[in-house]
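Welcome to a short set of exercises. Keep the sequence and the model open side by side, try each task, and then read the worked solution.

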Amino acid sequence: MRISRAIVGFAAVIATLSACSSGDGKSDNAAKPSSQAPAPSSSAAPSSSAAPTGGAGAKEPCALLPAEAVSKAINIQGVTSAPGPVQDNAANGGKAKSCVYSAAGKQIGALAVTRFEGNKIKSAEMIAALKKAKANAKDVPGVGEGAIYYTDENKTATLAAAELVNNVPVLVNYTGPVKMTQEMMAPLVKTAVDAN
């Protein structure tokens with residue numbers, strides 16, 4: 001359950017950073033998603049992994065990072081994946097979709113992909129804003145156009161990478177238990193970024 005809350009919290013950080021970077025003065029509205037859990041959405045229903053949603057050529061998060069890759073990274077057998085919360089933020093154009101990974105009936109991580117259609121925020125701006133919001137963030141080389149790793153007060157760890165995909169700014173992040181190290185998460189996020 002902590003991981004689902006971390007996804008919502010991360011979406012709020014993304015909403016804030018995007019609004020701040022775009023200079024549109026809507027940062028008050030952008031922070032609202034963190035105050036409530038995302039409502040179930042029909043677009044969160046399982047769909048074909050090749051189906052373009054959220055923009056031309058966009059893949060579903062579960063298609064970007066197979067459960068087998070997560071299983072190998074954390075050395076736990078029987079990992080499954082299912083579509084997670086969907087969150088759209090009209091204030092900054094962010095459309096976040098997620099995939100939740102589970103084993104033995106417990107959530108063990110989640111991949112979130114946020115596409116900023118119509119928002120020309122740069123990868124470096126996204127990473128700089130995340131660093132500002134997360135004091136313990138460390139740069140992670142070799143993943144996307146910029147990436148960071150940090151832990152937070154909810155006892156979760158996150159590795160987030162920014163990139164430009166078909167001229168659309170995209171932020172890809174994996175959130176898991178705090179015991180997941182940067183070395184465990186980097187290959188997961190790199191796999192998702194490369195498949196995007």
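**Warm-up**

A186 is found in helix α6; helices (H or I, at least four residues) and strands (E, at least two) are DSSP runs, numbered from the N terminus. The model is predicted, so local features need pLDDT of at least 70 and side-chain atom pairs count only at pLDDT 80 or more, while totals for chains, interfaces and linings use all residues. Residues are numbered from 1 along each chain as its sequence is written, and side-chain values use heavy atoms, leaving out hydrogens and water.

**Exercise 1: a helix and one of its residues**

Check the span of α6, then describe the surroundings of A186.

Step 1. The expected span of a helix is 1.5 Å times one less than its number of residues. For the 14 residues of α6 (residues 182–195) this gives 20 Å, and the end C-alpha atoms are 20 Å apart, which agrees.

Step 2. A186 has 16% relative accessibility and therefore counts as buried; the cut-offs are under 20% relative accessible area for buried, over 50% for exposed, and partly exposed in between (1.4 Å probe, protein chains only). Other buried residues of α6 include M185, L188 and V189.

Step 3. Leaving aside residues up to four places away in sequence, A186 touches V140, V143 and L159, where contact means heavy atoms within 4.5 Å. Its C-alpha atom is 9.1 Å from that of A147, 39 residues apart along the chain.

**Exercise 2: strand β5 and its partners**

Find the strands joined to β5 and say how they run.

Step 1. Two strands pair if DSSP finds at least two bridges between them. Strand β4 (residues 138–139) is joined to β5 by two bridges, antiparallel, and D139 has I148 as its bridge partner.

Step 2. On to the next strand: six bridges link β5 with β6 (residues 156–165), again antiparallel, and T151 is partnered by A157.

Step 3. Now the turns. The β4 and β5 hairpin has six residues between its strands, with G142 at a positive phi of about 80 degrees. The β5 and β6 hairpin has four, and there K155 takes a positive phi near 65 degrees.

Step 4. Five of the six residues of β5 (residues 146–151) are buried.

**Exercise 3: the disulfide**

Which cysteines form a disulfide, and what is its handedness?

Step 1. With sulfur atoms within 2.5 Å as the rule, C62 and C99 form a disulfide, their sulfur atoms 2.0 Å apart.

Step 2. The S-S torsion is about 100 degrees, so the disulfide is right-handed.

Step 3. C62 is partly exposed at 22% relative accessible area, whereas C99 is buried at 0%.
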